[in-house]
Amino acid sequence: MSTATKKEATIVADPDVPTITITREFDAPPEKVFRAWAEPELVKQWLGPKSLDMDIKQWDCQTGGSYRYAAVRGGEEFAGFFGSFHDVRPGERIVQTFTYEGMPDAVSLETMTFEALEGGRCRIVAVSVVESMQAQAGMMASGMEVGINEGYEKLDELLVGLS
C-alpha cells in the first residue's frame, strides 16, 4: 500500500500586478534539482507535458547564455520557445527570459529560486513577470498547469535515479 500523495504545483496569479508565481517541492536537495534544470540532456527528459517530447536546440545555462527548444508531437515540431539566461547561480537561482515563438512580442521575465528544506528536500519558487494583466489572464487560461504538473512529475522520477 502506498501512502504517497500526488504533488501539484501551486500556481498563483497576482490580482494587482502581472505576475504568476509557481511553487513546488521536490524530494531532492537544491543542487540536484538545479542540475536537472541546467543540463540539457536532463532538461529534455522532464520539461513539458507527458504527451510531448522536447527537442533542445540550444541550452547554455550560464549567466549570459541562451536557450531554444521545440515541443514535438508525433515527430512534428509544433511550438518553439527561446530566451536568455540573465543570472545563473548554481543551486540557488536562475533568472531568464521566456518567449513563445508564436507570440514573439510577448516576453516574460522569470526568476526561479531553489530553497533548501529539511530532510534534503527543495522548494522551487518561480515568479514570471508578463507585460500586462491581459497576458497574465491568457497564460492562466492556456492550460499551462497540465504541462507544469506533468513535467514536474517526470522531474520527480528523474531525480530518484540521478546521482
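This is a short walk through the sheet, the helices and the largest pocket of one chain.

Okay, so before anything else: what we have up here is a predicted model. Keep that in mind as I go.

Let me start with the record. The UniProt entry, which is unreviewed, lists a domain called "Activator of Hsp90 ATPase homologue 1/2-like C-terminal" for residues 27–159. Over that stretch the chain is 31% helix and 43% strand. The C-alpha atoms at the two ends of the stretch sit 8 Å apart.

Now the sheet. In what order do the eight strands of the open sheet come? Going across, you read E1-E2-E8-E7-E6-E5-E4-E3, and the pairing is antiparallel. And why is one side of E1 and of E3 left without a neighbour in the sheet? Strand E1, residues 10–13, and strand E3, residues 53–59, stand at the edges, and each has a single partner strand, so one side of each stays unpaired. From one strand to the next, the twist averages 20°.

Let's go through a few of the pairings. E2 and E8 run antiparallel and are joined by eight bridges; if you want a spot to click on, Arg24 has Ile124 in E8 as its bridge partner.

Next along, E7 and E8 pair over nine bridges, again antiparallel. They make a hairpin with three residues in between, and Gly119 in that turn has a positive phi of about 80°. Right by there, Leu117 has Arg121 in E8 as its bridge partner, and Ala116 stands opposite Cys122, also in E8.

Then there's E6, residues 93–100, with E7, residues 107–117: seven bridges, antiparallel. That's a hairpin too, with six residues between the strands. Looking at individual positions, Arg93 stands opposite Thr113 in E7, and Gln96 stands opposite Glu110 in E7.

So what packs on this sheet? Helix H1, residues 30–38, touches E2, E3, E5, E6, E7 and E8, and its direction makes about 150° with that of E7. Helix H3, residues 133–141, packs on the sheet as well, touching E1 and E2, and its direction makes about 40° with that of E2.

Last topic, and probably the one you've been waiting for: the pocket. As general background, rolling a probe the size of a water molecule over the atoms shows where empty space is left. How much space lies in the largest pocket here? About 1,300 Å³.

Its lining is made up of 46 residues, and the ones nearest the centre are Tyr69, Phe81, Phe98, Met139 and Met144. By class, the lining of that pocket has 31 nonpolar, twelve polar and three charged residues. Which element gives the largest share of the lining? Helix H4, residues 144–161, with six residues.

That's the tour. If you're rotating the model while we talk, try Phe98 and Met144 as a way in, since both are among the residues nearest the centre of the largest pocket.

Terms used. Residues numbered from 1 in each chain as written. Predicted model: local features only at pLDDT ≥ 70, side-chain atom pairs only at ≥ 80, totals over all residues. Heavy atoms only, no water. UniProt positions renumbered as here; feature names shortened; annotations may be inferred. Helix = DSSP H or I, 4+ residues; strand = E, 2+ residues; numbered from the N terminus. 1 Å grid on protein atoms, 1.4 Å probe; cavity = no way out; pocket = protein on both sides within 12 Å on 5 of 7 lines; lining within 4 Å. Points joined across faces, edges and corners; volume = space filled by probe spheres on them. Nonpolar A, V, L, I, M, F, W, Y, C, P; charged D, E, K, R; others polar. Pairing = 2+ DSSP bridges. Axes fitted to C-alpha atoms, helices over the stretch in contact; angles between N-to-C directions. Contact = heavy atoms within 4.5 Å.
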